[in-house]
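Q: Please take one part of this model and look at it closely, saying what surrounds it and how its residues are placed. I would like a single connected account that I can follow with the structure open beside me.

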Amino acid sequence: MTTRYKKIVSLILKTAIVLLAFWIIYSKLSANENLEEFNNLLKQIPQTEIILVMTFVFLLMLLNWCIEALKWKRLIAQVERISVWRAIESVFCGLTWAVFTPNRIGEYGGRVFFLSPKRRVVGVVAMAVGNIGQMVLTNIFGAIALFVFMYRFVEIDYRLLYALLTLSVMFCLFFIIFYFNIKWLNGILLSMRFTRKYKKFYSILGRYDKKELFRILMFCLARYAVFSSQYFILFFWLIPEIHYLDIFMLVSILFFVQSTLPSLDLFDIGVRSATASYFFSSVTDQNVAVIACTASIWLINIIIPAILGSYFVFKLNFFGNLKRN
């Protein structure tokens, strides 16, 4: 394929990705009743207060994805050195891809196309390490929060409760041990004949020692704290009668449930709303406010970044080295 045709095909692909993302976003937003409920809820609040709170939540969204960019830069340093700005570009580009792919799988493609062609597959493995770190924290905090919820709000035999506590502890220990020994995966894959020939792609797993994995986990923890704070601010603002510890408990459960279900970014708002409505019903009867808060976070954390990332889609080069400015 000549250079000219490569450019044409690349432009067509980029345009198709952006148009598909915008079309799905528009169709979902125009039919979303939860956002209308949130808008009706805000009409009862002074405009200055709304602007201050929503601006702060929006800034937390930017902070969240900037932390993710720094984490991505550190993860990929084992493969290829990129600047902080390049990392930010790739993260937002990945968010555009993620909105129309199941379980955010497109986010991998959106990021690794910012790497040199020969390093893109290895980049997928590096990104998976960071996602595993995020999953570890989500599952640990979620398991703890779910046990506390069962203890407080569900009538259950004390023997079964002790069994659940034991399972929760074992569950958390499993994820901690697995994460800090992720290089075991490298050994397991090397032991199998049909995966051995691909060792150049996954051998990067052996480069992450426990100290480096701990640093990556701290980035994951910072992200968890940021997007938990977004939920806390909105729930505490709109439903102030809920105790702040209950908010953190229920939000952790919400993240945990979301992470265990297959979903599509644009359509998992239904899962988020149903989950939030069910668990928060134990502490408040303001169901409209709960669903409205969940929908607004979905809009700020998923939809807006996907729109911003559409600009960076056009900076990709599918067939060769990325053009550096």
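A: Two residues are in contact here when heavy atoms of theirs lie within 4.5 Å. The model is a predicted one, and the part to look at closely is helix α3, which spans residues 47–76.

It helps to set the scene with the whole protein chain. The protein chain holds 14 helices and 0 strands, so that from the N terminus on each of its elements is a helix. Of its 325 residues, 50% are buried, and its accessible surface comes to about 16,600 Å², with carbon and sulfur atoms supplying 67% of that area. When contacts with a separation of 6 or more are considered, 76% of them join residues that stand 24 or more positions apart in the protein chain.

Consider first how helix α3 meets helix α4, which covers residues 84–98. The two pack at an angle of about 115°, and their axes are 8 Å apart. Angles of 65 to 115 degrees count as roughly perpendicular, and α3 and α4 are therefore described as roughly perpendicular to each other. Their crossing is right-handed. On the α3 side the residues that take part are Leu62, Trp65, Cys66, Glu68, Ala69, Leu70, Trp72 and Lys73, and on the α4 side they are Val84, Ala87, Ile88, Ser90, Val91, Phe92 and Leu95. Sorted by class, the residues of this contact comprise 12 nonpolar, 1 polar and 2 charged.

The second partner of α3 to consider is helix α11, which is made of residues 210–238. α3 and α11 pack at an angle of about 165°, with 10 Å between their axes. Because angles over 145 degrees count as roughly antiparallel, α3 is roughly antiparallel to α11. The crossing of this pair is left-handed, and its contact brings together 21 nonpolar, 3 polar and 7 charged residues.

Within α3 itself, Phe58 deserves a separate look. Phe58 sits in helix α3 and is partly exposed, with a relative accessible area of 29%. Once residues up to four places away in sequence are set aside, Phe58 touches Ile300 and Ile304. Ile297 is 239 residues from Phe58 in sequence, yet the C-alpha atoms of Phe58 and Ile297 are 9.2 Å apart in space.

On the partner helix α11, the residue to follow is Phe236. Phe236 is also partly exposed, since its relative accessible area is 40%. Not counting residues up to four places away in sequence, Phe236 touches Ile242 and Ile247. From C-alpha to C-alpha, Phe236 and Ile247 are 7.8 Å apart, while 11 residues separate them in sequence.

From there the path leads to helix α12, residues 244–260, where Asp246 is found. What is the relative accessible area of Asp246, and is this residue buried or exposed? A residue counts as buried under 20% relative accessible area, and Asp246, at 9%, is therefore buried. With neighbours within four places in sequence left aside, Asp246 is in contact with Arg152 and Val283.

Taken together, helix α3 lies roughly perpendicular to α4 in a right-handed crossing, whereas the crossing of α3 with α11 is left-handed.

Definitions and conventions. Residues are numbered from 1 along each chain as its sequence is written. This is a predicted model: local features need pLDDT of at least 70, side-chain atom pairs count only at pLDDT 80 or more; totals for chains, interfaces and linings use all residues. Side-chain values use heavy atoms; hydrogens and water are left out. Helices (H or I, at least four residues) and strands (E, at least two) are DSSP runs, numbered from the N terminus. Buried means under 20% relative accessible area, exposed over 50%, partly exposed in between (1.4 Å probe, protein chains only). Accessible areas come from the Shrake-Rupley method with a 1.4 Å probe; for residues, only the protein chains shown count as cover. Axes are lines fitted to C-alpha atoms, for helices over the stretch in contact, and angles run from 0 to 180 degrees between N-to-C directions. Angles under 35 degrees count as roughly parallel, over 145 as roughly antiparallel, 65 to 115 as roughly perpendicular and the rest as oblique. A crossing is left-handed if the near helix is turned anticlockwise from the far one by less than a right angle, and right-handed if clockwise. Ala, Val, Leu, Ile, Met, Phe, Trp, Tyr, Cys and Pro count as nonpolar, Asp, Glu, Lys and Arg as charged, and the others, Gly among them, as polar.
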